[in-house]
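Good morning, colleagues. Please look at the sequence and the structure as they come up on the screen, and I shall then take you through two topics.

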Amino acid sequence: MLTRRRFLTGSAATAGAAILAACGGGGSATSTPVAPTKAAATTAPAAAPTAAATAAARAASPTTGATALAPTAVVQPVATTATGSPAASAAAQPGKVKAQIDTAGIKKGGTIIVRAGGDITAFNPVTESNVITNSQMPLLYDALVYPDPDTLQPTPNLATKWEISPDSKTFTFTLKPGVTWHDGQPFTADDVKFAYELYMNPDSGSIRAASLSQNIASVTVKDPQTVVFTLKDVVASFMTIDMAYGIVPKHLLGSIAPKEFKTGEFSTRKPVGTGPFKFKQQILGDRVEFAANP
């Protein structure tokens with residue numbers, strides 16, 4: 001008699017066999033766990049692909065030989081950190097826990113290649129919202145603060161410090177001195193005001209326009225190194241979310257209509273930020289390259 005339990009068990013086994021066959025696997029579906037050892041610092045190389053699998057991959061993508069054609073982000077690491085890091089600001093962060101990664105022995109320099117799932121659509125943090133593009137924007141653009149990866153507390157970046165009013169509705173940020181854009185122009189509080197007003201402008205195509213406009217009443221420049229955000233109400237996530245968006249340059253975008261940002265030269269071929277990497281080139285369907293910002 002075929003009971004419900006036996007039917008489901010048989011279906012699961014059939015599905016598992018089909019998946020193994022599709023992946024090129026064969027033989028037993030079980031595996032024997034390997035006991036960990038103290039010397040398990042290396043991993044065994046993956047089995048070489050079969051001739052049939054290699055041929056199928058090349059047929060799927062004549063250019064790269066990969067089953068999915070995806071651009072590769074080639075990045076030249078920076079020798080030194082140009083912005084405030086969690087380690088540098090630890091003294092100012094109460095309740096700071098020990099970092100989970102020891103960076104003391106990390107080698108500086110070299111090249112890193114990261115596989116992406118598609119092309120970057122435009123190099124503009126104001127207009128873009130897809131995951132692939134947003135994952136690359138911090139390479140080009142800095143934010144005022146970033147969440148500390150260990151404590152999730154706001155960490156200084158373009159802003160070195162901030163003061164919060166007693167009612168938690170006014171935030172005064174002091175900017176890091178001496179910061180320049182990739183083209184050598186100075187970064188100032190005017191850029192911060194300009195960028196956030198773009199984020200809040202629906203004509204720019206920003207998906208953040210509604211939420212930021214709901215939270216922020218005004219952005220005021222006090223002096224070239226000081227910018228003040230006044231909120232409409234208390235916003236618990238203001239420092240860790242709203243202040244983590246990349247700043248774009250006023251001197252390059254101030255004369256361009258917001259509706260033209262996405263297709264303009266800045267967004268497609270000549271992005272300029274203050275981040276640790278500069279844009280080098282993009283070959284659609286293949287890769288995008290960034291070079292270290294000295």
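Which side chain meets that of Asp 286 in a salt bridge? The partner is Arg 287, and the N to O distance is 2.7 Å. Please keep in mind throughout that we are looking at a predicted model.

Let me stay with these two residues for a moment. Asp 286 has a relative accessible area of 25%, and Arg 287 has one of 26%. Asp 286 is therefore classed as partly exposed, and Arg 287 is likewise partly exposed, since that class lies between the 20% and 50% limits.

The general background will be familiar: side chains of opposite charge can pair when their charged atoms come close.

The pair I have just described belongs to a network of salt bridges that links Lys 280, Asp 286, Arg 287 and Glu 289. Within this group, Lys 280 forms a salt bridge with Glu 289, where the closest N and O atoms are 3.7 Å apart. Is each partner buried or exposed? Lys 280 counts as exposed, at 53% relative accessibility, whereas Glu 289 is buried, with a relative accessible area of 11%.

A further salt bridge joins Glu 265 to Lys 270, and here the closest N and O atoms are 3.7 Å apart. Glu 265 is partly exposed, its relative accessible area being 42%. The count of salt bridges comes to six.

I now turn to the sheet. Four strands form an open sheet, their order is 5-6-8-7, and the pairing is antiparallel. Which strands stand at the edges? They are strand 5, residues 159-164, and strand 7, residues 216-223. Each of these has a single partner strand, so one side of each is left without a neighbour in the sheet. On average, neighbouring strands of this sheet are turned by 20° against each other, direction ignored.

Consider next strand 6, residues 170-175, and strand 8, residues 226-231. These two strands pair in the antiparallel sense, over five bridges. To find your place in this pairing, look for Phe 173, which stands opposite Val 227 in strand 8.

What packs on the sheet? Helix 4, comprising residues 189-199, does so, and this helix touches strand 6, strand 7 and strand 8. The direction of helix 4 makes about 165° with that of strand 7.

Thank you for your attention.

Definitions and conventions:
Residues are numbered from 1 along each chain as its sequence is written. This is a predicted model: local features need pLDDT of at least 70, side-chain atom pairs count only at pLDDT 80 or more; totals for chains, interfaces and linings use all residues. Side-chain values use heavy atoms; hydrogens and water are left out. Two strands pair if DSSP finds at least two bridges between them. Axes are lines fitted to C-alpha atoms, for helices over the stretch in contact, and angles run from 0 to 180 degrees between N-to-C directions. Contact means heavy atoms within 4.5 Å. A salt bridge is a side-chain nitrogen of Lys or Arg within 4 Å of a carboxyl oxygen of Asp or Glu. Buried means under 20% relative accessible area, exposed over 50%, partly exposed in between (1.4 Å probe, protein chains only).
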